[in-house]
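Got the viewer open? Load the model, keep the selection box handy, and we'll walk through it stop by stop.

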Amino acid sequence: MKRPRVEGEGGAPPPPPAAAGGLTVLHRVRAGARFAPWAVAAVTCVSACPDGSVFAAGYDDGKVELFDAALFDCLARIPGADGVEVSSLAWARAPGEAAWRLFAASLDGGIAELSPRRLAPLAAADSSGGPVWCLRAAPAAPDGGVTRLAAACGDGSVKLFAVAAHAAGAEYERALPRVEGNALSLAWHPGGASLVSGGSDGCIHCWDVARGVELQRITVGTSSTAPPCVWSLAVLGDGTIVSGDGDGAVQFWDGTHGTLLGRQQQFGADVLAVAASPDGTRVWASGVDPRVAVFQLVPDKATGTSAWAYLDRKAPHTHDVRALAVLPRPGGAEGGLLISGGNDGALVLYDCERFLKQHPTRQSKTPQRPLLALAPPRGGAPAALLHAAGRRLSVWQLGRAATAQPLASDGGAPPLEGEGWDLAALPSQLADISLAGPHHVAAVALAPDAGAVAAADRSRLRLFRLSPADPGAAAAGVAPCEHAGALRVERVKVDADLGAPVVCVAFSADGQHLFAATGAGRVVALDATSGELTASAQLPAPAGGGGGGRDAAAPAAPEQGGGGGAPWCDALAPFMPAVGCIAVAPSGQLVGEPSPVTALAFSPNSRFVAVATAANAVCGYSAETGLPTAWTLKHHAGVAELLQALPGSITGLAFRPTPAEPLAMLVHSPGGLCHLDMAAPPTLTRPDKAPRKAPPGGAPRAESFSERGRNGRLLKLQHCCLLLGHIGPGEALLLEKPWAEVLGQLLPPLYRHRYGT
């Protein structure tokens, strides 16, 4: 009988010789609380770009992520810092500017303009009023400019900031009069001449922005002894004010006279967010009670008036839903998408027009994936894994399978596919590095021999050399996991002024060079032993497009495992034989429909580069000419059709580590993987009939494109895939974790008593 799986356990028998392009053994390793931990931060705010091209989400660990509005792929992740919690996001642009600019407010009192290209703030200002609970941009002016921001501050005041062209950040203008308690929520009137604020005093304050005077005050709560906090506000096109408060009520107010139009009590706890449709006929609300409710303005034929009515609710979240935003259709088309986020770290999308008829969709099966890097086995030691979270780096040596496993070639029964194997050694931690400073890591890399680690944040690039702590044990050929000492960490001074934050790092195939790309488009090569600069190249500036949030959100260099792309540059040609994951897009037209680039990989012989997009298309290009390969031109449509069955967008590519052609690679997404042999056409025929029940032994039933022997075999995964990579010609490592275990690390949600329990 097999022993139960424990944290970090995973392994497989020594593989028999693999066929050309074949994959014999898949090592499935489960992340745990200590080994490669995966924890999600709570979504605190969501904001959609007014042009409908992208949307942004802020988290309580200080990071901000930007997503494509068409395919919902993560375009950029701006790391946070210790002690920083993003409370609100807003978009603005000065007249004459093409691109929208993103601003973030935090509970430490800062308001910063963020650069998705540099993955760092451009400029920051202090609110001078304590924590900023809400940040809202004024409605667009007739010239299309949005030049004013309003911030609700902890001292009870509303601060106004100006956004100027060709000047980073926002400049403080003035403050509206202070009120009792904290200002918690804000909303502008569609005309831009007035705004409303709510706070802990249980009132809604209506302000004339130009004169700085209070026009009227609305008391929200029914009890004067314990006024509820007004957590969220919205102003509709007809002037109606919508509020969500600490009593769990959603209330509708006449914006002119301040009278109550309707009250809906559909929540058992605080309402933290409200959002309205562009036409003002529907309102959504959410809060501590983890569900999203919809209200609609219903006409009354008898009286000729209209009243707000509760329609239905959705409950895709397991914990508090703290943020709601409506993403408009590009070009001002009708409809839109509702986006929700909460303490479970997930973003959920709803069709505004079909909210009652269509199930919501999660943006990703693996939100906020940790930074990971894999090094293949070396010198008889198992593969090594680098994990980064916050300011902490951990290097692990993976477990090894027992060698005395029965194989069919030994006369024993052939093993069943998916059957587990005993381990001879569990994973062990080799090094634990804590970085100085408050900033979180933006990019990491692990040398192929696991002898060096590189990490970059918004302030600096760091390089560490790893060596056995006991030189005698290393000389005797003892693997690090077999002696008591771990690896000794030695910091190498990086002697290079990069001029901008590093957004991507990678080691050469021999581990002698470290390559780094900055958000300003500069690529440098460093000596991995001394840290000295050996080569540098500047990528050309991206061509100006039609503006919009997408252009503002495209990073200059893609992140490992995600992000946009930068132009191909001839200056990078000397780096290509050595680098394996500083990925750039070819200068020629990409094959297929335009889509954000999500993953890239160089072949082991450095002659080809594979490119994956958010539309789940994979193409191969010549690294010398940038032109598509013959296999891509012939089979692109078939591969794209095959990969449409892959759950989620592609997040990684990995070539089989053999320099000889034909080439084979693994393609993976958060919910599945696919093996492609680039010397043969993909198998597109579907099985006539798939078994309806699982076979004996509990193995999963066969799906379309999952049977053995086909080129393009696709396997859907039960758990979340965090990493997939080759550790040998016929072996691959899959790091996964059940989503239920991730949720189990969070604080319990609102308890709701169920009848009969």
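Start with the whole surface: the chain exposes about 31,500 Å², and carbon and sulfur atoms supply 53% of that area. Keep in mind that this is a predicted model. Switch to cartoon view and you're looking at four helices and 52 strands. Colour by burial next: of the 757 residues, 55% count as buried. A contact map is worth a glance too, since among contacts between residues at least 6 apart in sequence, 53% join residues at least 24 apart.

**Stop 1: the core**

Select Val64, Leu89, Trp91, Leu102, Leu135 and Leu149. These are the residues with the most contacts inside the largest nonpolar core, which has 36 residues. Now add residues 86–92, which make up strand 6; the largest share of this core, five residues, comes from that strand.

Stay on Leu89 and show what surrounds it. Which residues is Leu89 in contact with, once its neighbours within four places in sequence are left aside? The list runs Cys45, Ser47, Ala56, Ala57, Gly58, Val64, Leu102, Phe103, Ala104, Leu135 and Arg136.

**Stop 2: an open sheet**

Next, bring up strands 10, 11, 12 and 13. They form an open sheet in the order 10-11-12-13, with antiparallel pairing. At the edges sit strand 10 (132–137) and strand 13 (171–175), each pairing on one side only. Look along the sheet and you can follow the twist, which averages 25 degrees from one strand to the next. If you turn on backbone hydrogen bonds, remember that strands of a sheet pair through them, either parallel or antiparallel.

Zoom in on the middle of that order. Strand 11 (residues 148–153) and strand 12 (residues 158–162) run antiparallel and are joined by five bridges. Pick Leu149 and look across: Phe161 in strand 12 stands opposite. Leu149 is also one of the core residues from the previous stop.

**Stop 3: cysteines**

Select the cysteine sulfurs. How many disulfides does a search of the whole structure find? Zero. Cys134 shows why that residue is unbonded: its sulfur is 9.4 Å from the closest cysteine sulfur, in Cys45, and that is too far for a bond. Cys134 counts as buried, at 5% relative accessibility. Cys49 is another buried cysteine, this one at 0% relative accessibility.

**Stop 4: Ser232**

Jump along to strand 18 (residues 230–235), where you'll find Ser232. Is Ser232 buried or exposed? It's buried, because its relative accessible area is 6%, under the 20% cut-off. Show its surroundings, leaving aside neighbours within four places in sequence: Ser232 is in contact with Ser185, Val242, Ser243, Gly244, Val271, Leu272, Ala273 and Val274.

**Stop 5: two positive phi angles**

Finish with the backbone torsions. Most residues other than glycine have a negative phi. Select Phe72, which is not a glycine yet has a positive phi of about 60 degrees. Phe72 lies in the loop between strand 4 (64–68) and strand 5 (74–78), and counts as partly exposed at 23% relative accessibility.

Then go to Asn616, in the loop between strand 45 (608–613) and strand 46 (618–622). Asn616 isn't a glycine either, and has a positive phi of about 60 degrees. With 5% relative accessibility, Asn616 counts as buried.

How values were computed:
Residues are numbered from 1 along each chain as its sequence is written. This is a predicted model: local features need pLDDT of at least 70, side-chain atom pairs count only at pLDDT 80 or more; totals for chains, interfaces and linings use all residues. Side-chain values use heavy atoms; hydrogens and water are left out. Buried means under 20% relative accessible area, exposed over 50%, partly exposed in between (1.4 Å probe, protein chains only). Contact means heavy atoms within 4.5 Å. Accessible areas come from the Shrake-Rupley method with a 1.4 Å probe; for residues, only the protein chains shown count as cover. A nonpolar core is a set of buried Ala, Val, Leu, Ile, Met, Phe, Trp, Tyr and Cys residues joined through side-chain atoms within 4.5 Å. Two strands pair if DSSP finds at least two bridges between them. Axes are lines fitted to C-alpha atoms, for helices over the stretch in contact, and angles run from 0 to 180 degrees between N-to-C directions. A disulfide is a pair of cysteine sulfur atoms within 2.5 Å.
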